[in-house]
Amino acid sequence: MKKLNIAVVGAGIYGKNHLDAYTSNPNVNLVAVCDLKKEITDKVEQDYQVKTYNDMEEMLKSEEIDAISVATPDPYHKDPVMTAIRYGKDVLVEKPLATTSADAYDIIEAAEKAGVRVMVDYHKRWDPASIAVKNKLADAGTGKPVRGYMRMDNVYDVAINWLNWSSDSSPVHFVGTHCYDLIRWYMGCEVVQVYAVGHKGILQEKGVDTYDSITAILEFENGCTWTVENAWILPNGFAKADDGCSEILCEHAMIRVDSQKRGVEFFDDQKQYTPNICFIQNHNGRAIGFGIDPLNDFVDCILHDKPFVANLNDGLEAELIAEAVHKSADTRQVVKIERR
C-alpha cells in the first residue's frame, strides 16, 4: 500500500506528538518538519533524523508532500492551513480551527475551492470515556438529555509559563472549544444561543491579558442546556496540569465522568500526581493513546477516502460558540449563534 508523505508545521509543545505519531505509523513517510525557530528545527533533526525547514513555502516547493499536519500555536493556525490549501494539500490542524469565525469561513471557502480536505484534531472524541458517554446517550433506554455540566481547567503555569501567546488566546479557545465540540458531538445538534460571565484581573496582574475564568450556558436545538466552565487559574500544586469532569442528566439516566482521576496515582516528596494514562503513553517503542489516535485516523481517512471524525464544519461550529461566549461575557447579554 502507498505510504502517505506528511510534513509537520509547528514542532513546539504539541508538535512533538505529531512527530511521534507519524514516525510510529507504518503507513506514513515523515518527509519534513517546519518551524520558525531554528533551535527547534535543529533539535528535531537531531532527535528524528528528518529534514527541516524554517520557511513553509520553501518546504512545499522542495518536497514531495501529500498532506500537512499543523501544530502551530492556537492563534496562528490560519496562515499555514491556507498555505497548505493553496498548494493543494490535505490538512490536519490542531484545535481550534481558527480563533475567529471569519478566519474559519475563509479556510472552509479555500478548501472547497481547492478540493482538499481538512480535519480538526478535537482529540477528546477519541477518549474512551467520551466514546462510552456517546454510546450511552445513543441507547434508547437513556432517554433524551435534559441538562449537562462540563468543566475543563488548567493550572496557572499553562497561561503564564507554558504558552508565550496566552494573551492572544483564552481559556475559552484553549480548553473551552474542546468542551463545545465534545458536547456538540454528544448532542448531535447545534447550539442556539449562549449566555456567559467571566472574571478578569488575576492573570492580568501577572502580565497575561486574558480571562481568568469563564462560565457559559449553552442552549441546544434539542432543548438540552449545558453549563460549561473553563479557567486558567487552577493552583500549580494541583495533581495534574488540567482538571475536568462532566455530568449529564437524562430522561431515564444520569451520566458522570471524572476526567481528572483515571485510576492511577503517583506520589513523590513534592506532591501527588494523577496522570492522564489514556492520553499519550510510550509503549513498545511507539506512542499510543487518544492523543495519538486522531493523527493515525487522519492518515487512514486520507488513504482510504473515509469521512473525518471531526471536519471543517465541526471546527467552525466550535469557533462560533467560542466567539459567542466571548461576546456574551464582554456584554453580559444573551448571544444567538449566527451562521452564514
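A residue counts as buried when its relative accessible area is under 20%, as exposed when that value is over 50%, and as partly exposed in between. Keep that in mind as we walk through this structure, which is a predicted model.

Let's start with T331, a residue of helix α11. Its relative accessible area is 38%, which lies between the two cut-offs, so T331 is partly exposed. Now look at what its side chain is doing: a polar atom there lies 2.8 Å from the backbone oxygen of K327. Here's a handy bit of background: an α-helix has 3.6 residues a turn, so residues three or four places apart point the same way. T331 also has a neighbour from another part of the sequence. V197 is 134 residues away along the chain, yet the C-alpha atoms of T331 and V197 are 8.9 Å apart in space.

Let's zoom out to the whole of α11. How far apart should the ends of its 20 residues be? At 1.5 Å a residue, the expected span is 28 Å, and the end C-alpha atoms are 29 Å apart, so the two agree. Most of this helix is covered, with 15 of its 20 residues buried. At the N-terminal end you'll find a cap: a side-chain oxygen of N311 sits 3.0 Å from the backbone nitrogen of N313. At the other side, just after the helix, R332 takes a positive phi of about 60 degrees.

α11 also helps to form a pocket. The second largest pocket has a volume of about 180 Å³. Two or more lining residues come from each of α5 (101-114), α11 (312-331) and β17 (335-336). Which element gives the most to this lining? That's α11, with four residues. Among the lining residues are S101, Y105, L320, K327 and R340, so you meet K327 again here, the residue whose backbone oxygen lies by the T331 side chain. Sorted by class, the lining has five nonpolar, five charged and one polar residue.

Finally, what does the database record add? An unreviewed UniProt entry places a "Gfo/Idh/MocA-like oxidoreductase N-terminal" domain at residues 4-122. In the model, that stretch is 43% helix and 24% strand, with its end C-alpha atoms 22 Å apart. The unreviewed entry also has a "GFO/IDH/MocA-like oxidoreductase" domain, covering residues 133-255. This span is 28% helix and 42% strand, and its end C-alpha atoms lie 7 Å apart.

Terms used. Residues are numbered from 1 along each chain as its sequence is written. This is a predicted model: local features need pLDDT of at least 70, side-chain atom pairs count only at pLDDT 80 or more; totals for chains, interfaces and linings use all residues. Side-chain values use heavy atoms; hydrogens and water are left out. On a 1 Å grid over the protein atoms alone, a cavity is a set of points where a 1.4 Å probe fits but cannot get out, and a pocket is an open set with protein on both sides within 12 Å along at least five of seven lines; lining residues have an atom within 4 Å of a point. Grid points are joined across faces, edges and corners, and a volume is the space filled by probe spheres set on the points. Ala, Val, Leu, Ile, Met, Phe, Trp, Tyr, Cys and Pro count as nonpolar, Asp, Glu, Lys and Arg as charged, and the others, Gly among them, as polar. UniProt positions are given in the numbering used here, feature names are shortened, and annotations may be inferred rather than shown by experiment. The expected span of a helix is 1.5 Å times one less than its number of residues. Buried means under 20% relative accessible area, exposed over 50%, partly exposed in between (1.4 Å probe, protein chains only). A polar contact is a pair of N or O atoms within 3.5 Å; within protein, one must be able to donate a hydrogen and the other to accept it, and residues adjacent in sequence count only if both atoms are side-chain atoms.
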